[in-house]
Amino acid sequence: MALTPTKLIWMDGKLIPWKKANVHVLTHTLHYGLGVFEGIRCYKTAKGPAVFRLGDHIRRLESSAKLVGMKLPYSVDKLVRATKETIKANRIEECYIRPIAFYGYGVMGLNPKGAPVNVAIAVWPWGTYLGEESLKRGVRVKISPWLRIDPRILPPQAKLVANYANSILAKVDALKSGFDEAILLNTEGFIAEGPGENVFMVRNGLLTTPPLSAGALGGITRDSIIKIARDQIIKFEEQNISREQFYGADEAFFTGTAAEVTPIREVDGRTIGDGKRGPITERLQRIFFDVVRGEVPKYEAWLDHVGE
């Protein structure tokens with residue numbers, strides 16, 4: 001999806017013009033992939049723009065950095081304030097937010113010691129990742145020939161730049177094969193997640209999603225949907241899901257900051273349910289969008305209002 005530039009990007013404590021937010025060609029992370037990032041959304045509400053679970057996202061950024069031995073030069077509170085500052089400076093009501101921490105210019109070789117840790121936060125308008133139409137109609141997916149990275153190889157619970165090479169290969173393969181998106185299995189043959197989304201399934205009224213031990217990232221939207229489902233007294237379990245079980249689902253959907261809550265209507269040419277957005281999917285999706293727009297007081301704490 002093409003970028004729509006905004007005016008300013010926060011880089012290492014300063015707001016600088018979008019076109020000047022550059023790094024050196026010998027930036028360490030550019031060559032070796034050891035960086036961490038987040039995907040966050042800001043929504044328009046009756047009280048003005050509000051960021052969904054901003055603190056949780058920035059804490060996950062910090063956790064990802066710790067997992068790979070990177071020390072962030074800014075506190076969680078500082079990055080929360082910087083995110084709000086960047087949204088205000090760009091005078092934008094709804095946007096996608098990309099914080100990234102990476103090893104910068106200064107050393108070369110596999111050991112990043114001596115390289116500075118740079119941090120940037122960019123915001124821009126970005127619609128639903130898999131397309132607005134997909135929110136109602138659903139998407140067609142394929143089980144990828146590429147397996148999800150194993151925790152013995154790279155840490156799946158870190159939102160690590162290098163991990164997304166795995167996701168890119170799966171995504172591109174799916175698109176070239178005529179599908180909208182992919183689903184990756186883990187090395188044990190169970191469903192892990194999509195290239196950039198968590199996966200849920202409904203079968204016989206039971207909502208399930210793979211456990212984090214299956215290689216699924218601990219998604220913030222995933223966590224939100226689980227909490228909403230429990231509050232709605234929807235039967236829910238975390239459990240390993242085989243390819244065959246998924247083929248037999250009554251409903252299925254992706255969750256993620258970019259994808260939000262997107263139904264899956266077909267897997268490997270097999271129709272899920274009746275090929276339409278299912279009732280539980282629609283219910284959770286509707287509540288989720290009400291929540292992020294500040295229309296459900298119960299979940300008001302999940303919103304970080306930019307003007308505050």
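**Cavities, pockets and cores**

E251, A252, P263, I264, I272, K276, R277, G278 and T281 line the second largest cavity. Two elements, β14 and β15 (260–267), each give two or more residues to this lining. The space inside the second largest cavity comes to about 30 Å³, and its lining divides into four nonpolar, two polar and three charged residues. The model is a predicted one, and it holds two cavities of 30 Å³ or more.

The largest cavity has a volume of about 50 Å³. Its lining is made up of R41, Y43, F52, H57, T221, G256, T257, E260 and F288. By class, three of these residues are nonpolar, four are polar and two are charged.

We turn next to the open spaces. The largest pocket has a volume of about 1300 Å³. Its lining runs to 45 residues, and F37, Y96, R98, W124 and Y164 are the ones nearest the centre. Several elements supply at least two residues each to this lining: the strands β1 (8–11), β6 (95–103), β7 (117–124) and β14 (251–256), together with the helices α1 (28–32), α5 (164–176) and α6 (220–231). Helix α5 provides the largest share, with six residues. In terms of class, the lining of the largest pocket holds 27 nonpolar, 11 polar and seven charged residues.

The second largest pocket has a volume of about 170 Å³. It is lined by 15 residues, with R41, E94, W126, E260 and R293 nearest its centre. R41 and E260 also appear in the lining of the largest cavity. Strands β4 (40–45) and β6 each give at least two residues to the lining of the second largest pocket, and β4 gives the most, with three. Eight nonpolar, two polar and five charged residues make up this lining.

What, then, of the interior packing? In soluble globular proteins, nonpolar side chains tend to be buried together. Here, the largest nonpolar core has 30 residues, and V36, V51, M70, L79, I87 and I97 have the most contacts inside it. Elements β4, α2 (54–67), α3 (76–90), β6 and β7 each supply at least two residues of this core, and the largest share, five residues, comes from α3. One member worth a closer look is M70: leaving aside residues up to four places away in sequence, M70 touches L34, G35, V36, A65, A101, F102, Y103 and V117. A second, separate core has 25 residues, among them L207, I225, V291 and W302.

The cysteines make a neat side note, as the structure holds zero disulfides. C42 is in no disulfide, and the nearest cysteine sulfur, that of C95, is 4.5 Å away. C95 is likewise in no disulfide, with the sulfur of C42 as its nearest cysteine sulfur at 4.5 Å. With a relative accessibility of 2%, C42 counts as buried; C95 is buried too, with a relative accessible area of 2%.

Finally, a charged side chain deserves a friendly mention. K142 lies in strand β8 (residues 139–143). Is K142 buried or exposed? Its relative accessible area is 14%, so K142 is buried, the cut-off being under 20%. Not counting residues up to four places away in sequence, K142 touches D173, A174, S177, F179, E181, A182, I183 and D268.

How values were computed. Residues numbered from 1 in each chain as written. Predicted model: local features only at pLDDT ≥ 70, side-chain atom pairs only at ≥ 80, totals over all residues. Heavy atoms only, no water. 1 Å grid on protein atoms, 1.4 Å probe; cavity = no way out; pocket = protein on both sides within 12 Å on 5 of 7 lines; lining within 4 Å. Points joined across faces, edges and corners; volume = space filled by probe spheres on them. Helix = DSSP H or I, 4+ residues; strand = E, 2+ residues; numbered from the N terminus. Nonpolar A, V, L, I, M, F, W, Y, C, P; charged D, E, K, R; others polar. Core = buried A, V, L, I, M, F, W, Y, C linked by side-chain atoms within 4.5 Å. Buried < 20%, exposed > 50% of the residue type's maximum accessible area, 1.4 Å probe, protein only. Contact = heavy atoms within 4.5 Å. Disulfide = S-S within 2.5 Å.
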